[in-house]
Each structure stands twice: as structure tokens, then as C-alpha cells.
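This report describes the side-chain interactions of one protein chain, taking covalent links, nonpolar cores, ring pairs and charged groups in turn.

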Amino acid sequence: MAVLSTCSLFILFLVFAFAAAAPTGTDYLLGGKPDAWKVPSESDSLNKWAESVRFNIGDHLIFTYEAGKDSVLEVSKENYMSCNTSGAIKMYNDGKTKVRFDLSGPYYFISGEKGHCEKGEKVTVVVISPRSPRSDVPVSPSPSPAGAKGPGPAVAPSPKSSANVLQGGGVLMAMGVVVAAMWFF
């Protein structure tokens, strides 16, 4: 009987461990609306929106636009700044582009349509995670606060709520441990 209970406990633990490892993420519609990927009326409006969102690894950004009349290019920071459409990292032109963020760090997107980027159809997204920085994009240190002598300490943003600490699989893992402990004892 004890062997059966131990084996059952181990199987239950494995089930919850695999559930915890399952990818989770949130889908974000660019600009919070379906028609945001276009030449904006305010040149930095897409970046203002992106700065208000806390993107995490596993999240998706969804661009909607008219296929054949526009496209989305993921580019380097240099190509983003100069609106250079050549040498894109990735190119999308399907009209409903869903980009998954697998690594932390900055992502740069511009329109592939001639002249659109120069008119503000571009966005920078920063994906946060202390555990897996993007190795393909160099990150420069933050500037020191005004008037500070020397570099200041790096301060990580705090979570919006304590609910962010145990998301998705973490909650399942915690529940599995509690159920397993109750079953075993």
C-alpha cells in the first residue's frame, strides 16, 4: 500500500509539473484596437501604448492590417531608427500577424510599406524577464538620474500585483503540492 501511495504521489507530482511547464501568455492587440497598425495621427502613439503594457515572455502581440497593402517587419534598432526596411529579422504580410515573445529584451517593428515608418508607423516593445535576456540584441545600461554622481543602482520594476507572482503553471504547481501533501499524510 505504501508503494502504491508513493507511486501515486510521484505521478501526481509529474502531472502538475508538466502543467506548470506549459506555455502561458497573454494576447495583446496592438494599440488595444484592431486598426492601430496604420500611419498614426500622433507619431509616437504606438510607443506610448506599448510603454503602458507589461510584456512578458510567452505573450503575443497581434497586428491587424489589410493584407497586400501593408506589412510588419521586425528589424534591428538601427533599422528601426532609420526606417530601413532592408535586412529585416522577420517579415509578416498576412493581415493578422501574431508575434510570440520568446525572449526578454527590446523588439523593434516597422511598416514595410514605403513612407509609413517615416510617418510614425513603428513600435518598440520591451519584454521583461530577469531570467532569459535576448542574446541577439545588445542592451545599453540605463542613464543615471539627473544630478547623480556615477552609475546608480539598477532598479527592477515591481509587479502590478501579488497575483503576478504565481501565474498559470505556478498556481497549478502549488495546488499539486498541497493536494499531494494532503493525500500522502
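In this predicted model, the count of disulfides comes to one. The bond joins Cys83 to Cys117, with a distance of 2.2 Å from S to S, and the angle of -70 degrees about the S-S bond makes the link of Cys83 and Cys117 left-handed. This pair links distant parts of the chain, since Cys83 lies in the loop between α3 (77–82) and β5 (90–92) whereas Cys117 lies in the loop between β7 and β8, 34 residues apart. Both Cys83 and Cys117 are buried.

**Nonpolar cores**

The largest nonpolar core has 20 residues, and those with the most contacts inside it are Phe63, Phe109 and Val125. Two or more residues of this core come from each of α2 (45–51), β3 (60–64), β7 (105–111) and β8 (122–128). Apart from this core lies another, of seven residues, and among them are both cysteines of the disulfide, Cys83 and Cys117, together with Tyr108 and Ile110.

Which residues does Val125 touch, not counting those up to four places away in sequence? The list for Val125 consists of Ala50, Phe55, Leu61, Phe101, Gly105, Pro106, Tyr107 and Phe109.

**Aromatic rings**

Across the whole structure, a search finds seven aromatic pairs. One of them brings together Trp37 and Phe63: the ring centres are 5.0 Å apart and the planes stand at 85 degrees, which is over 60 degrees, so the pair is edge-to-face. Trp37 belongs to the loop between β1 (27–29) and α2, while Phe63 belongs to strand β3, so that the pair links distant parts of the chain, 26 residues apart. Trp37 and Phe63 are both buried.

Phe55 and Phe101 form a further edge-to-face pair, with 5.8 Å from centre to centre and 75 degrees between the planes. Here too distant parts of the chain are linked, with Phe55 in strand β2 (residues 55–56) and Phe101 in the loop between β6 (96–100) and β7, 46 residues apart. Phe55 and Phe101 are both buried, and ring pairs link these two residues with Tyr28, Trp49 and Tyr107 into a cluster.

A ring also takes part in an interaction with a charge, as the charged end of Lys122 sits over the ring of Tyr80, 4.6 Å from its centre.

**Salt bridges**

The count of salt bridges comes to five, and the table gives some of them with the distance between N and O atoms.

| Lys residue | Acidic residue | N to O distance |
|---|---|---|
| Lys98 | Asp27 | 3.3 Å |
| Lys48 | Glu42 | 2.4 Å |
| Lys69 | Glu66 | 3.7 Å |

The bridge between Lys98 and Asp27 links distant parts of the chain, Lys98 being in strand β6 and Asp27 in strand β1, 71 residues apart. Why does Lys98 count as partly exposed? Its relative accessibility is 48%, which falls between the limits of 20% for buried and 50% for exposed, and therefore Lys98 is assigned to the class in between. Asp27 counts as partly exposed because its relative accessibility is 41%.

For the bridge of Glu42 with Lys48, the relative accessibility of Glu42 is 38%, so Glu42 counts as partly exposed, and Lys48 likewise counts as partly exposed at 47%. In the bridge of Lys69 with Glu66, by contrast, both Lys69 and Glu66 are exposed.

Notes
Residues are numbered from 1 along each chain as its sequence is written. This is a predicted model: local features need pLDDT of at least 70, side-chain atom pairs count only at pLDDT 80 or more; totals for chains, interfaces and linings use all residues. Side-chain values use heavy atoms; hydrogens and water are left out. A nonpolar core is a set of buried Ala, Val, Leu, Ile, Met, Phe, Trp, Tyr and Cys residues joined through side-chain atoms within 4.5 Å. Buried means under 20% relative accessible area, exposed over 50%, partly exposed in between (1.4 Å probe, protein chains only). Helices (H or I, at least four residues) and strands (E, at least two) are DSSP runs, numbered from the N terminus. Contact means heavy atoms within 4.5 Å. Rings of Phe, Tyr and Trp (its six-membered ring) pair if their centres lie within 6.5 Å; planes under 30 degrees apart count as stacked, over 60 as edge-to-face and the rest as tilted. A charge sits over a ring if NZ of Lys or CZ of Arg is within 6 Å of the ring centre and within 35 degrees of the ring normal. A salt bridge is a side-chain nitrogen of Lys or Arg within 4 Å of a carboxyl oxygen of Asp or Glu. A disulfide is a pair of cysteine sulfur atoms within 2.5 Å.
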